Amino acid sequence: MAGVVDVPQQIQTDAKIVVKAITSVFHLKKTRTEPAREFIALKEINLEVKKGEFLVLVGPSGCGKSTLLDILTGLAQPTSGAVYIDGNKVTGPALDRGIVLQGYALFPWRTVRQNVEFGLEIKKVPKRERRAISDNFIHLVGLDGFADRFPHELSGGMKQRVAIARALAYDPEVLLMDEPFAAVDAQTRESLQDELLRIWEATGKTILFVTHSIEEAVFLGDRVAVLTPNPGTLREIVKIDLPRPRHNSDTRSSAEFGWIRRKIWELLQNAPHESRHHLNAVPVAEAISPTASL
Amino acid sequence: MPTRAFVSPWSLSRWLDRSSLLLFFAAWELAPRAGGLLETFIAPPSVVLMTLWELLLSGELCDHVTISLGRAIAGFTGAALIALPLGFLLGGNFRTFERIVTPVLRFLGQVNPFSLFPLFIILFGISELSKEAMIFWVCIWPILFNTITGVKGIDPLLVKSARSMGTGVVPLFFKVILPAASPGIFTGLKMGAGTAFFMLIAAEMIGASCGLGWLVWNAQINFQIPKLFAATVVISVLGMILNMLLVTLERRLLGWLDSSPNH
């Protein structure tokens with residue numbers, strides 16, 4: 001692309017993921033005749049995720065968190081800047097990153113097992129090996145006995161477990177999760193969060209988790225990166241010092257939990273001045289609330 | 001999937017299910033015996049069966065069925081070979097072009113095949129090709145339109161999810177696009193096959209020298225009422241078999257489809 005500053009193909013780093021000066025600009029047209037208007041989805045985002053870390057991106061809708069995830073996946077290209085995994089520039093999708101999407105995106109014509117094995121087929125893993133791996137991950141997400149069911153026979157929570165198993169099966173070192181629990185009910189959501197932490201601890205993956213729920217962010221993350229919209233900017237990274245292993249009841253009811261939640265809520269409230277002047281800007285407090293997970 | 005409880009084909013409830021059919025055949029058998037016009041114009045099933053047997057023994061029936069099926073298959077296959085790739089291209093890669101040409105295609109799809117048949121005869125003579133062209137014409141539209149709809153309706157999230165796993169273009173087509181579009185494609189093929197058979201008989205009645213449609217027509221002008229009925233029965237039975245095959249195939253291929261109303 002013209003005008004883009006060349007970024008190095010490789011960098012020296014200890015971090016698992018390095019997001020370097022990512023800016024993403026879209027050209028939007030409201031009507032066909034209107035000249036394209038620039039929309040800055042992401043502005044100068046810098047972020048480092050350590051190996052084995054659980055980092056949560058939190059922000060209201062429109063803050064560019066999904067765009068950032070698409071760039072990390074390699075499905076979208078930033079306007080400028082680059083993403084590095086293990087110091088190597090991301091140029092496209094690959095099996096070193098597993099992705100879990102909000103809408104499950106399970107293949108309805110494939111059984112649970114066949115869904116879990118999809119990435120392995122792409123990787124050309126022999127059939128017998130595939131079977132052993134899928135057995136393992138179906139067990140890990142607690143779906144023993146459901147291997148031969150089709151997605152439409154499963155509940156929302158079970159579908160999301162299959163999606164997680166599918167992303168883990170081809171053994172990516174990084175797991176990218178885009179609001180994976182947004183579509184399930186509150187109870188299922190909490191148990192899936194518990195389960196995700198258990199899986200994370202068992203597998204040692206590096207997880208980058210996108211959510212609009214502050215509760216969820218604080219409960220899951222080692223650190224929470226707070227994004228504010230118009231344009232999507234990284235406001236602050238909050239370190240979550242809550243002890244692990246975390247449990248739903250204990251962790252959520254602790255004073256520190258409430259305190260951190262409050263802090264992040266304030267960060268989102270007092271978004272930089274820029275956003276206040278933006279057309280149609282929704283007050284951040286309306287777009288996101290500390291109880292968004294309920 | 002729950003296995004259905006086994007019901008003996010000879011049980012009372014099964015006979016009850018078939019009772020309307022049995023009554024129909026009984027009435028059919030008895031009515032012509034009442035004499036009068038009915039006797040002249042209706043051949044009872046016993047006579048029809050005997051005629052069928054004779055046609056079968058002489059080999060005549062077999063020939064007509066083979067010829068008719070051959071025409072239907074040729075026209076249908078030709079239509080599928082063109083409509084499927086075209087549907088994938090229009091529904092997938094060339095959406096804007098599809099929007100532009102759809103009105104023309106819709107219009108062509110509405111052109112009555114019977115009004116085109118004289119044209120086909122002028123072009124291809126009373127050869128096999130004129131009948132096959134007619135079948136081709138009636139098959140291509142439902143297959144094309146349903147394939148386009150099927151491909152356009154693919155959940156982009158599925159494609160995104162597959163692409164995020166580094167799926168290449170060829171595996172993406174065979175492992176994602178094709179199965180995801182298959183319900184639409186199958187609807188098109190099913191509609192095509194149904195109309196193909198329907199139109200074939202009509203085409204053979206208008207311009208042919210053999211085939212099941214011709215058999216009906218020929219029996220009519222020669223006033224061979226039992227033969228006319230025999231041919232009609234064969235056509236109905238073939239239609240039922242075709243339908244059964246399609247339903248079975250649909251169950252095998254699209255069993256994964258969620259048929260529950262809350263989705």
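Reader: Which residue in S8(A) is the bridge partner of A:Leu176?
Author: This is a predicted model. Strand S7 (residues 174-178) of chain A runs parallel to S8(A), with 5 bridges between them. Within S8(A), A:Leu176 has as its bridge partner A:Leu208.

Reader: Which residue stands opposite A:Leu208 on strand S3 of chain A?
Author: Strand S3 (residues 54-58) of chain A also pairs with S8(A) in the parallel sense, over 5 bridges. The residue of chain A that stands opposite A:Leu208 is A:Leu55.

Reader: How many residues of strand S8 of chain A are buried?
Author: Take the two faces of S8(A) in turn. One side carries A:Thr206, A:Leu208 and A:Val210, and all are buried. The other side carries A:Ile207, A:Phe209 and A:Thr211, and they are buried too. The count for the strand, residues 206-211, is 6 of 6.

Reader: Which hand does the β-α-β unit of S7(A), helix H6 and S8(A) have?
Author: The two strands of this unit pair in the parallel sense. Helix H6 of chain A covers residues 186-203. With S7(A) and S8(A), helix H6 makes a β-α-β unit that is right-handed.

Reader: Which residues form one aromatic cluster with A:Phe209?
Author: A:Phe209 belongs to S8(A) and is buried. Its partners in the aromatic cluster are A:Phe54, A:Phe181 and A:Trp200.

Reader: How many disulfides does a search of the whole structure find?
Author: A disulfide is a covalent bond between the sulfur atoms of two cysteines. The search over all chains gives a count of 0.

Reader: How far is B:Cys139 from the nearest cysteine sulfur?
Author: B:Cys139 is buried, at a relative accessible area of 0%. B:Cys139 is in no disulfide. The cut-off for a disulfide is 2.5 Å between sulfur atoms. The nearest cysteine sulfur belongs to B:Cys210, at a distance of 19 Å.

Reader: Is the ring pair of B:Trp28 and B:Phe229 stacked, edge-to-face or tilted?
Author: A search over all chains finds 16 aromatic pairs. In this one the ring centres are 5.9 Å apart and the planes meet at 40°. Stacked needs under 30 degrees and edge-to-face over 60. The pair of B:Trp28 and B:Phe229 is therefore tilted.

Reader: How many residues apart in sequence are the parts that B:Trp28 and B:Phe229 tie together?
Author: B:Trp28 lies in helix H2 (residues 19-30) of chain B, and B:Phe229 in helix H12 (residues 225-254) of chain B. B:Trp28 is buried, with a relative accessible area of 14%. The pair ties together parts whose separation in sequence, in residues, is 201.

Reader: What is the geometry of the pair B:Trp137 and B:Trp141?
Author: Both residues are buried. They are 4 residues apart in helix H8 (residues 128-152) of chain B, so about one helical turn separates them. Their ring centres lie 5.3 Å apart, with the planes at 75°. That makes the pair edge-to-face.

Reader: Over which ring does the charged end of A:Arg252 sit?
Author: The cut-off for a charge over a ring is 6 Å from the ring centre. The charged end of A:Arg252 is 4.3 Å from the centre of the ring of A:Phe219.

Reader: Is A:Val141 buried or exposed?
Author: A:Val141 is in the loop between helix H4 (127-140) and helix H5 (156-169) of chain A. A:Val141 touches residues including A:Arg161, A:Ile164 and A:Ile199. Its relative accessibility is 2%, so A:Val141 counts as buried.

Conventions: Residues are numbered from 1 along each chain as its sequence is written. Chains are lettered from A and ligands numbered from 1 in the order in which they are written. This is a predicted model: local features need pLDDT of at least 70, side-chain atom pairs count only at pLDDT 80 or more; totals for chains, interfaces and linings use all residues. Side-chain values use heavy atoms; hydrogens and water are left out. Buried means under 20% relative accessible area, exposed over 50%, partly exposed in between (1.4 Å probe, protein chains only). Two strands pair if DSSP finds at least two bridges between them. A crossover is right-handed if, with the strands pointing away from the viewer, the path from the first strand over the helix to the second runs clockwise. Rings of Phe, Tyr and Trp (its six-membered ring) pair if their centres lie within 6.5 Å; planes under 30 degrees apart count as stacked, over 60 as edge-to-face and the rest as tilted. A charge sits over a ring if NZ of Lys or CZ of Arg is within 6 Å of the ring centre and within 35 degrees of the ring normal. Contact means heavy atoms within 4.5 Å. Lists of a residue's contacts leave out its neighbours within four places in sequence.
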